[in-house]
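I opened this entry to look up a few local features of one chain. My notes follow in the order in which I took them.

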Amino acid sequence: IYSKNEKNNYNNNDNLINTNSNFHNSVLNKTCMDVIFLRAEEGKNIKIDDIRNLKSSLSTSSLTSNPRFIIIDEVEFLNVNSANALLKTLEEPSKNNFFILINNQQANLIETISSRCLKNNIFLNRVQRKEIIDHISKDNNIIIDDAGFLTPGLFLRFNELSNKHKIDKDSNIFLKLDKLLNAYKKYKDKTLINMSVYLIDKFFLDLIYADVNKIDYLLITSW
């Protein structure tokens with residue numbers, strides 16, 4: 001995120017945001033009055049208290065006359081109560097407040113929210129996804145490296161979870177699933193289930209690409 005009101009906030013030669021930008025750093029440090037960022041915590045539902053706190057913040061005037069942007073990531077994790085609490089604000093936003101709702105399609109978006117939004121779908125082909133992921137993963141410990149089949153956001157999230165729960169890149173698929181499902185029982189993070197489904201799909205897809213019959217392998221390892 002960068003501001004058009006700030007000079008030299010974007011490096012046109014390297015297509016990069018200037019990390020020395022005051023606005024950029026204020027957003028990262030959550031001290032920016034013009035941007036409010038809200039997302040689900042560890043794959044859980046966005047709580048109704050989070051929406052109430054947001055509405056309380058919006059009821060006060062900004063210190064600047066700049067437009068104020070409210071970014072809600074993983075909006076699909078709004079539960080019914082949170083969605084109902086947000087509806088009136090979406091229908092009648094106060095002056096100079098603009099909502100950006102990001103749906104990562106990890107779950108079905110509640111229709112009452114979807115019907116009140118202008119939709120802008122962003123599609124990246126496999127080559128584009130891989131280029132983005134290769135760029136943003138340079139300084140990260142990568143365990144899941146199948147960049148072409150994941151969105152950049154899920155790629156980073158799955159790797160964060162792999163590091164957090166100590167999932168070895170080369171370990172058996174059943175060991176990976178065992179760790180993920182045990183972690184889900186403890187943390188109730190829905191992203192762990194999505195990651196498990198992804199690893200299962202990828203496991204069988206790799207077998208198809210390799211054109212190898214692994215039925216015996218599956219029976220032996222599951223035993």
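I started with Phe-203, which is buried at a relative accessible area of 16%; buried means under 20%, exposed over 50% and partly exposed in between, with a 1.4 Å probe and protein chains only. Its sequence neighbour in my list, Phe-204, is partly exposed, with a relative accessible area of 40%.

For the record, this is a predicted model, in which local features need pLDDT of at least 70 and side-chain atom pairs count only at pLDDT 80 or more, while totals for chains, interfaces and linings use all residues. Residues are numbered from 1 along each chain as its sequence is written, and side-chain values use heavy atoms, with hydrogens and water left out.

I then looked up ring pairs and found 3 aromatic pairs in the structure. Phe-203 and Phe-204 form an edge-to-face pair, because their ring centres are 5.3 Å apart and their planes stand at 85°. The rule takes rings of Phe, Tyr and Trp (its six-membered ring) with centres within 6.5 Å, and calls planes under 30 degrees apart stacked, over 60 edge-to-face and the rest tilted.

Next I checked charges over rings (NZ of Lys or CZ of Arg within 6 Å of the ring centre and within 35 degrees of the ring normal). Lys-164 lies over the face of Tyr-187, 4.6 Å from the ring centre. Lys-188 has its charged end over the ring of Tyr-184, at 5.7 Å from the centre.

I turned to helix H8, residues 190–210. Its 21 residues reach 31 Å from first C-alpha to last, close to the 30 Å expected, the expected span being 1.5 Å times one less than the number of residues. I noted buried residues in H8, among them Leu-192, Met-195, Leu-199, Phe-203 and Leu-207. At the N-terminal end of H8, Asp-189 acts as cap, with a side-chain oxygen 2.9 Å from the backbone nitrogen of Thr-191.

Last, I looked at the open sheet of 3 strands, which has the order E3-E4-E5 and parallel pairing. Its edge strands are E3 (35–39) and E5 (97–102), each pairing on one side only; strands pair if DSSP finds at least two bridges between them. E4 (residues 68–73) and E5 are joined by 6 bridges, and Ile-72 stands opposite Leu-101 in E5.

For the whole protein chain I wrote down 9 helices and 5 strands. Helices (H or I, at least four residues) and strands (E, at least two) are DSSP runs, numbered from the N terminus. Buried residues make up 33% of the 223 residues.

Definitions and conventions: Polar contact = N/O pair within 3.5 Å; in protein donor to acceptor, adjacent residues only side chain to side chain.
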